[in-house]
Amino acid sequence: MKPWALFSHSVGMLARNFGDMLRVFLVPTLLIVALFATFLKMTGVWETLQWGVVTPMPENSGLSGPLFLVSVLSLLIGMWSVVAWHRFVLLEEMPQGWLPRLEGSRVMAYFGRSLQIALVLICMMIPVLLVALLVTTILSGAGPAALQWISLPIAIFTTYLILRLSVILPAAALGAGMGLRDAWNSTSNAFGDLLGLAAILVAAQYAAQFIAAALSASPSLAAGASILISAALALLNISLLTTLYGHYVEGRPV
């Protein structure tokens, strides 16, 4: 079954290269954590969180701009490690020491392609969301179970679209000349494969939410589990993109 083969290959890729994975992702992740911790300390939000009182940020607090800059910088740092991982797997660029190689032009290309995907996805999802809104209005009296069945296919279809478009991201990391049309065409014969893979990913997300809800009685345990689960899912998605590019664009087996 191809969807499961793609999924298991991506998980196996992370497991087989666990040491190299740490070398690629650990330092950038720590930098992101340090960046946000510094922001929280300098703005006084840290003390608020320590006391467990979460209040919405006032519109005139002056923190929206700095928070936006910190978020963008953190995103670029994260993409630095993601680009390094794609290049490690697909080009065999071995990490040297504990600092992944910085390919500034590739990171910016990755950022630009990510924005492209987001804009195209928004346009593609508008009619789907309008239909979903209409159906939700019609079934509003049917109870939460019926509404849940509406959100499930939307989540799977959205994930399917993301998988098809996101093949362009490893190409950007490698410096390959691939546009969105090329990325879409490269997976034109993989409808069933990617739809099944999307269903697996959505199921994994639901399972993660179930685990987080089961641990909600202990806030500290729930927070730790949430961070670990989020990190694992992020690494899985990055590995999946690498697998999809290698298989559907470069013709590698899974």
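How many helices and how many strands does the secondary structure of this protein come to? Good morning, colleagues. The answer is ten helices and zero strands, and the model on display is a predicted one. Along the sequence, the pattern accordingly reads α-α-α-α-α-α-α-α-α-α. Of the 254 residues of the protein, 35% count as buried. If we take contacts between residues at least 6 apart in sequence, 79% of them join residues at least 24 apart.

Let me turn to helix H4, residues 64-91. Its 28 residues should span 40 Å at 1.5 Å a residue, and the end C-alpha atoms of H4 are 39 Å apart, which agrees.

How is the packing of two helices described? In general, one gives the angle between their axes and the distance between the axes. I shall do so for two pairs that involve H4.

The partner in the first pair is helix H2, residues 18-43. The axes of H2 and H4 come within 9 Å and cross at roughly 175 degrees. Because angles over 145 degrees count as roughly antiparallel, H2 is roughly antiparallel to H4. By class, the residues of this contact divide into 19 nonpolar, four polar and one charged.

The partner in the second pair is helix H5, residues 104-138. The axes of H4 and H5 also come within 9 Å, but here the crossing is at roughly 105 degrees. H4 is therefore roughly perpendicular to H5. On the H4 side, the contact is made by Leu75, Leu76, Met79, Trp80, Val82, Val83, His86 and Arg87. H5 contributes Arg106, Val107, Met108, Tyr110, Phe111 and Ser114. Ten nonpolar, two polar and two charged residues take part in this contact.

Between H4 and H5 there is a loop, and Glu92 has its place there. This residue follows H4 and has a positive phi, near 60 degrees. As a general rule, most residues other than glycine have a negative phi. Is Glu92 buried or exposed? Glu92 is exposed, with a relative accessible area of 62%.

I now move to the interior. In soluble globular proteins, nonpolar side chains tend to be buried together. In this model, the largest nonpolar core has 55 residues, and those with the most contacts inside it are Phe25, Trp85, Tyr110, Leu197 and Leu244. Which helix provides the largest share of this core? That helix is H4, with ten residues.

Two of the residues just named deserve a further remark. Tyr110 also belongs to the contact of H4 with H5. Leu197 is among the buried residues of helix H9; the others are Asp193, Leu194, Ala198, Ile200, Leu201, Val202 and Ala208. Helix H9 itself, residues 191-214, reaches 35 Å from its first C-alpha to its last, close to the 34 Å expected for its 24 residues. Leaving aside neighbours within four places in sequence, Leu197 is in contact with Pro3, Leu6, Phe7, Leu163, Leu240 and Leu244.

My final example is Tyr245, in helix H10, residues 219-249. Tyr245 is buried, with a relative accessible area of 5%. Not counting residues up to four places away in sequence, Tyr245 touches Leu90, Val167, Pro170, Ala171, Leu174, Ala176, Met178 and Glu250. With Pro170, the separation along the chain is 75 residues, while the two C-alpha atoms are separated by 6.6 Å.

Thank you for your attention.

Methods
Residues numbered from 1 in each chain as written. Predicted model: local features only at pLDDT ≥ 70, side-chain atom pairs only at ≥ 80, totals over all residues. Heavy atoms only, no water. Axes fitted to C-alpha atoms, helices over the stretch in contact; angles between N-to-C directions. Helix = DSSP H or I, 4+ residues; strand = E, 2+ residues; numbered from the N terminus. Parallel < 35°, antiparallel > 145°, perpendicular 65-115°, else oblique. Contact = heavy atoms within 4.5 Å. Nonpolar A, V, L, I, M, F, W, Y, C, P; charged D, E, K, R; others polar. Expected span 1.5 Å × (residues − 1). Buried < 20%, exposed > 50% of the residue type's maximum accessible area, 1.4 Å probe, protein only. Core = buried A, V, L, I, M, F, W, Y, C linked by side-chain atoms within 4.5 Å.
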